[in-house]
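Please open the model in your viewer and keep the selection tool at hand. The tour goes from one selection to the next, and each stop tells you what is there.

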Amino acid sequence: MTETVVLRRAVAADARAAADVYLRSFDAALPTVVRPHTDDEVRDYIRDVVVALRETWVAEAAGAGVVGLMVLDGESLSQLYLDPRWRGRGIGDRFVALAKERSPGGLTLWTFQVNKPAHRFYERHGFVAAEYTDGSGNEEREPDVRYVWRP
């Protein structure tokens, strides 16, 4: 059985579900990374800043609601999170294709160094590691890596 998943711009009513996808995804993919904000603070930020002010996209599955979140800010792919139960179904591939379409001149993103599956995913899509840090520049204080894609 193939589920129908639609990528669309997020609206205010999507904020809570998008935040919950972020929280589930972060906790599943990054169990060793300490989140610097409470669940409620994350939900408020996604509602008041991410969905309200950024180019925010959601993946919506028939019968399941919002199962993915992607945020673009110019050439920055600032967030891409999938509900853990929906990984491996091509949704992330579709989000990256959309990001490249929306920013044809190139993209940049940050991911944590411990997130090896994300490294493999982005490298498979043509992103190249351009900078490694000790984490002193992010809220989590977790070493990260900046990836760049140029057409």
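Select strand S4 (76–82) to begin, since S4 gives seven residues to the lining of the largest pocket, the largest share of that lining. Bear in mind throughout that this is a predicted model. The pocket has a volume of about 1,400 Å³, and to find its centre you can select Ser 78, Gln 79, Leu 80, Tyr 81 and Trp 110, which lie nearest to that centre among the 47 lining residues. Other elements that give two or more residues to the lining include helix H1 (15–29), helix H2 (39–53) and strand S3 (65–73). If you colour the lining by residue type, you will find 22 nonpolar residues, 14 polar ones and eleven charged ones.

Next, select helix H1, which has 15 residues and reaches 21 Å from its first C-alpha to its last, close to the 21 Å expected at 1.5 Å a residue. Which residues of H1 are buried? They are Ala 15, Ala 18, Ala 19, Asp 20, Val 21, Tyr 22, Leu 23, Ser 25 and Phe 26, and what covers these buried residues includes H2, strand S2 (55–61), S3, S4 and S5.

One of these residues, Asp 20, leads to the next stop, where Arg 16, Asp 20, Asp 40 and Arg 43 are linked in a network of salt bridges. A search of the whole structure finds 16 salt bridges, and the following selections show some of them.

Select Asp 44 and Arg 47, whose closest N and O atoms are 3.3 Å apart in a salt bridge. Both residues belong to helix H2, and because they are three residues apart there, about one helical turn separates them. Asp 44 is partly exposed, with a relative accessible area of 35%, and Arg 47 is also partly exposed, at 44%.

Move on to Arg 102 and Glu 55, which form a salt bridge with the closest N and O atoms 2.6 Å apart. Arg 102 lies in helix H3 and Glu 55 in strand S2, so this pair ties together parts that are 47 residues apart in sequence. Arg 102 is partly exposed, with a relative accessible area of 44%, whereas Glu 55, at 19%, is buried.

Finally, select Arg 85 and Asp 83, a salt bridge in which the closest N and O atoms are 2.8 Å apart. Is Asp 83 buried or exposed? Asp 83 is buried, with a relative accessible area of 2%, while Arg 85 is exposed, with a relative accessible area of 57%.

How values were computed: Residues numbered from 1 in each chain as written. Predicted model: local features only at pLDDT ≥ 70, side-chain atom pairs only at ≥ 80, totals over all residues. Heavy atoms only, no water. 1 Å grid on protein atoms, 1.4 Å probe; cavity = no way out; pocket = protein on both sides within 12 Å on 5 of 7 lines; lining within 4 Å. Points joined across faces, edges and corners; volume = space filled by probe spheres on them. Helix = DSSP H or I, 4+ residues; strand = E, 2+ residues; numbered from the N terminus. Nonpolar A, V, L, I, M, F, W, Y, C, P; charged D, E, K, R; others polar. Expected span 1.5 Å × (residues − 1). Buried < 20%, exposed > 50% of the residue type's maximum accessible area, 1.4 Å probe, protein only. Contact = heavy atoms within 4.5 Å. Salt bridge = Lys/Arg side-chain N within 4 Å of Asp/Glu carboxyl O.
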